[in-house]
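Hi,

Here is the structure I promised to send over. Have a look at it first, and then read on for what turned up.

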Amino acid sequence: MRLLTAGVTALAPAIWGSTYLVTTEWLPPDRPLLAATVRALPAGLILLTFARTLPTGIWLWRALVLGTLNIGAFNFLLFVAAYHLPGGIAAMITAVQPMLVLVLAALLIGDRIRYAHVAACVLGAGGVGFLVFKGTAALDFVGVAAALAGAASMATGITLTKLWGRPDGVGLLPFTGWQLTAGGLVLLPFTLSLEGLPTTISGANLVGFGYLMSLGAVISYAIWFRGIERLPALAVSFLALGSPIVATILGYLFLHQTLSILQLVGTLVIVSAVLLAQKAPAHVLPDNDNSAVSELTHISIREKK
């Protein structure tokens, strides 16, 4: 059952791995912050409109913190790193994220650090290196700092989401809507000040934005937060390494990019690291009958009741 939960959760980073293809083919060029903001904010507001459940009390600031770490700050730092570093270098630096989760989960949640976890961290970082590295490149300080900060943001977001859970009586989709809205609001001023709004929008742009809001935000983040609830924090963090694998495969299939033997080896190493990280259970919540898909289907009925 745990491997099934991990497989479902892995769909989220798989969808995120398609973001590069969607961005390059369907979205306005050179507007990564706009893409991140449109992906998060409208999706969050739509969920809040249907759920009609807003955070109260302690969850006012917790939702802001989680939305900033998991979505707003992470996306902003990721795009800064992408502008200052080659994609391969940025991916290798952000691959330290599971190692940070390993330490944070031990400190905040009490998860045990096992030899299998350490080995999985080393394998995961090495596999990403094989997958994306394509030669030497000068390291830009701003880019390196942004990549490390982005990894720290995601690692802290995963750990705190696991630690705090979600409030009683609040469904998975409203909880997802809180974070998407908070993250989008954090991104909005940077988008308006640094990029501005495009003067024209094409039909392809609308399709791309629609994809990012639906699959890329509402569905994928609901699946992701569901996985954080049911799996150890470290096991979830390793599933994020599936994004560069999917991005590489889609680039090969649709953008005529090449796949080297080294990249294939890197893919196998990453898969091995992910499987290794799913072992040695710690603080796993049991599955229940509600899934993200069923909540999406029945949310309006539940709320009317």
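One term before the rest: a crossing of two helices is left-handed if the near helix is turned anticlockwise from the far one by less than a right angle, and right-handed if clockwise. You'll want that for helix α8 (residues 115-132) and helix α14 (residues 261-277), whose crossing is left-handed. Please keep in mind throughout that this is a predicted model.

The overall picture

The chain has 15 helices and zero strands. Of its 305 residues, 51% are buried. If you take the contacts between residues at least 6 apart in sequence, 91% of them join residues at least 24 apart.

Helix pairs

Back to α8 and α14. Their axes are 7 Å apart and the packing angle is about 160°. Angles over 145 degrees count as roughly antiparallel, and α8 and α14 are therefore roughly antiparallel to each other. On the α8 side, the contact includes Ala116, Ala119, Ala120, Leu123, Gly124 and Gly127. Among the residues that α14 brings are Val265, Gly266, Val269, Ile270 and Ala273. By class, the contact of α8 with α14 divides into 14 nonpolar, five polar and no charged residues.

Helix α8 also packs against helix α7 (residues 97-109), again at an angle of about 160°, with axes 9 Å apart. That makes α7 roughly antiparallel to α8, and this crossing is left-handed too. Here Pro98, Met99 and Leu102 of α7 meet His117, Val118, Cys121 and Ala125 of α8. The contact of α7 with α8 has six nonpolar residues, one polar and no charged.

A third pair to look at is helix α3 (residues 19-26) with α11: the two axes come within 9 Å and cross at roughly 160°. So α3 and α11 are roughly antiparallel to each other, with a left-handed crossing. From α3, the contact uses Thr19, Val22 and Trp26. From α11, the partners are Ala204, Asn205, Val207, Gly208, Tyr211 and Leu212. Six nonpolar, three polar and no charged residues make up the contact of α3 with α11.

The cores

Which residues have the most contacts inside the largest nonpolar core? They are Leu180, Tyr221, Trp224, Phe238 and Ile270, in a core of 45 residues. Helix α11 (residues 203-230) gives the most to this core, with eight residues. Apart from this core lies another, of ten residues, among them Trp59, Val170, Phe175 and Trp178. As background, nonpolar side chains in soluble globular proteins tend to be buried together.

Tyr221 is worth selecting in your viewer. Leaving out residues up to four places away in sequence, Tyr221 touches Trp16, Arg39, Asn70, Ile71, Asn75, Thr176, Leu180 and Gly216.

Two buried residues

Pro13 sits in helix α2 (residues 11-17). With 0% relative accessibility, Pro13 counts as buried. Pro13 and Leu239 are 226 residues apart in sequence, yet their C-alpha atoms are 6.9 Å apart in space. Not counting residues up to four places away in sequence, Pro13 touches Trp224, Leu239, Ala240, Gly242 and Ser243.

Met154 is in helix α9 (residues 141-164). Its relative accessibility is 12%, and the cut-off for buried is under 20%, so Met154 counts as buried. Beyond residues up to four places away in sequence, Met154 touches Leu69, Asn70, Phe74, Gln97, Trp224 and Ala240. The C-alpha atoms of Met154 and Leu100 are separated by 9.3 Å, with their positions 54 residues apart along the chain.

Two positive phi values

Most residues other than glycine have a negative phi. Which way do Asp30 and Arg52 go, positive or negative? Phi of Asp30 is positive, near 60°. Asp30 lies in the loop between α3 and α4 (32-51) and is exposed, with a relative accessible area of 66%. Arg52 is not a glycine either, and has a positive phi of about 55°. You'll find Arg52 in the loop between α4 and α5 (59-84), where it counts as exposed at 58% relative accessibility.

Happy to go through any of this with you.

Cheers

Key. Residues are numbered from 1 along each chain as its sequence is written. This is a predicted model: local features need pLDDT of at least 70, side-chain atom pairs count only at pLDDT 80 or more; totals for chains, interfaces and linings use all residues. Side-chain values use heavy atoms; hydrogens and water are left out. A nonpolar core is a set of buried Ala, Val, Leu, Ile, Met, Phe, Trp, Tyr and Cys residues joined through side-chain atoms within 4.5 Å. Buried means under 20% relative accessible area, exposed over 50%, partly exposed in between (1.4 Å probe, protein chains only). Helices (H or I, at least four residues) and strands (E, at least two) are DSSP runs, numbered from the N terminus. Contact means heavy atoms within 4.5 Å. Axes are lines fitted to C-alpha atoms, for helices over the stretch in contact, and angles run from 0 to 180 degrees between N-to-C directions. Angles under 35 degrees count as roughly parallel, over 145 as roughly antiparallel, 65 to 115 as roughly perpendicular and the rest as oblique. Ala, Val, Leu, Ile, Met, Phe, Trp, Tyr, Cys and Pro count as nonpolar, Asp, Glu, Lys and Arg as charged, and the others, Gly among them, as polar.
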